[in-house]
Amino acid sequence: NTVSPLPSETRIITVSNQKGGVGKTTTTVNLSAALARRGANVLVIDLDPQGNASTALGVNHRPEVTSVYDVLLGDAELSDALQISSDHENLACIPSTIHLAGAEIELVSLVAREQRLRTAVDTFLKESDRKYHYVFIDCPPSLGLLTVNAFVAAQEVLIPIQCEYYALEGLSQLLGNIQLIQKHLNPTLRVSTILLTMFDARTNLAHEVAREVRDHFPGEVLRAVIPRSVRISEAPSYGQTVHEYDGGSIGAIAYLEAAAEIAERWAKLESLESAEAHSG
Ligand code: ADP
Ligand code: MG
């Protein structure tokens, strides 16, 4: 494993798609674990009441644990909720608990309800002794206040797209919501990355969907594609990422490739920007 270039500033990436079951959580945990293995310090914020990311990262998310729920309601700092994942020492997680299911409604009456996660993350990153290279936020399958909080806290959106029927359905709604967030709450948010997931190379459909998505988003879609793989779907039931569960599997390798691409693209952008700054 080669070490990827590390970003000079923390990249905060929201993994979002209002469709359920497209690979948001799987992508969040396995990309994060891949980047941690390549030398990055990574924080995963589990913003889905289901807590699947917390499970896959092997952190305690029983109801009594301090979680992202307490952070959003202002009863705890992010650092109070932080746990180190069993997957890798470089990989930390803010768990979600079942309490988060009520947060969509409880948040409505609070001040600065859209900015709560952002404020907590900004404070945490400023005060932390450890320099984090990546923060990934795993979103629930809806466009409610939790997802809005994720969009406001992040600089980038990563959209996983399942190579299946109706892959592009709902995408214009998601992009429309991101535009609204850009206009009113977070002007610097951008869709930086699209990842094709659950790709089954034996079906024509998967190839067609992949081609269509690449035609629509030539700059955003990663070259790496995540194959449909039993090893990927088995890992979470052992409280593991695919890298820990079966590091040599095609699924693990695909996520390592996607991670390398995400790191290298950014490094290229950063070097372009610094070259421009120097040339005046
Ligand atoms: P989401 O977070 O978008 O709801 P998940 O990441 O939980 O989606 O994935 C939905 C289901 O599909 C889970 O059971 C997961 O294990 C499975 N899955 C995700 N990616 C793959 C893959 N590449 N191959 C096989 N199964 C996958
Ligand atoms: Mg999920």
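This tour visits a sheet, the surroundings of a ligand and two helix pairs in a predicted model.

**The sheet**

Begin by displaying the strands. Seven of them form an open sheet, and across it the order reads β3-β4-β2-β5-β1-β6-β7. The pairing within this sheet is mixed. In general terms, the strands of a sheet are joined by hydrogen bonds of the backbone, in either a parallel or an antiparallel sense. Next, select residues 83–84 and 190–197, which are β3 and β7. These two are the edge strands, each with pairing on one side only.

Now move inward and select β1, residues 11–15, together with β6, residues 156–162. The two strands pair in the parallel sense, and three bridges join them. To see one position along this pair, pick I13, whose bridge partner in β6 is E156.

**The ligand**

Select ligand 1 and the residues around it, 18 in number. Which of them come nearest? They are K24, T25, T26, I232 and S233. Colouring the shell by class shows ten polar residues, six nonpolar and two charged. Two elements, α1 (24–37) and α10 (230–234), each give two or more residues to this shell. Of the elements, α1 gives the most, with three residues.

**From the ligand along α1 to α12**

Keep α1 selected and add helix α12, residues 250–279. The axes of α1 and α12 lie 8 Å apart, and the packing angle is about 70 degrees. An angle from 65 to 115 degrees counts as roughly perpendicular, and α1 is therefore roughly perpendicular to α12. The crossing of α1 past α12 is right-handed.

Show the side chains where these helices meet. On α1, select N30, L31, A34 and L35; opposite them on α12 are Y255, L256, A258, A259 and A263. What classes of residue make up this contact of α1 with α12? Eight are nonpolar and one is polar, while none is charged.

**A second helix pair**

Finish with helix α6, residues 116–127, and helix α7, residues 145–153. Their axes are 7 Å apart, at an angle of about 40 degrees. This angle makes α6 and α7 oblique to each other. Here too a right-handed crossing is found, as α6 passes α7.

For the contact itself, select R116, L117, R118 and V121 in α6, then N149, A150, V152 and A153 in α7. By class, the contact of α6 with α7 has five nonpolar residues, one polar and two charged.

Conventions. Residues are numbered from 1 along each chain as its sequence is written. Chains are lettered from A and ligands numbered from 1 in the order in which they are written. This is a predicted model: local features need pLDDT of at least 70, side-chain atom pairs count only at pLDDT 80 or more; totals for chains, interfaces and linings use all residues. Axes are lines fitted to C-alpha atoms, for helices over the stretch in contact, and angles run from 0 to 180 degrees between N-to-C directions. Helices (H or I, at least four residues) and strands (E, at least two) are DSSP runs, numbered from the N terminus. Angles under 35 degrees count as roughly parallel, over 145 as roughly antiparallel, 65 to 115 as roughly perpendicular and the rest as oblique. A crossing is left-handed if the near helix is turned anticlockwise from the far one by less than a right angle, and right-handed if clockwise. Two residues are in contact if their C-beta atoms, placed from the backbone, lie within 7 Å. Ala, Val, Leu, Ile, Met, Phe, Trp, Tyr, Cys and Pro count as nonpolar, Asp, Glu, Lys and Arg as charged, and the others, Gly among them, as polar. A residue is near a molecule or strand if its C-beta atom, placed from the backbone, lies within 6 Å of it. Two strands pair if DSSP finds at least two bridges between them.
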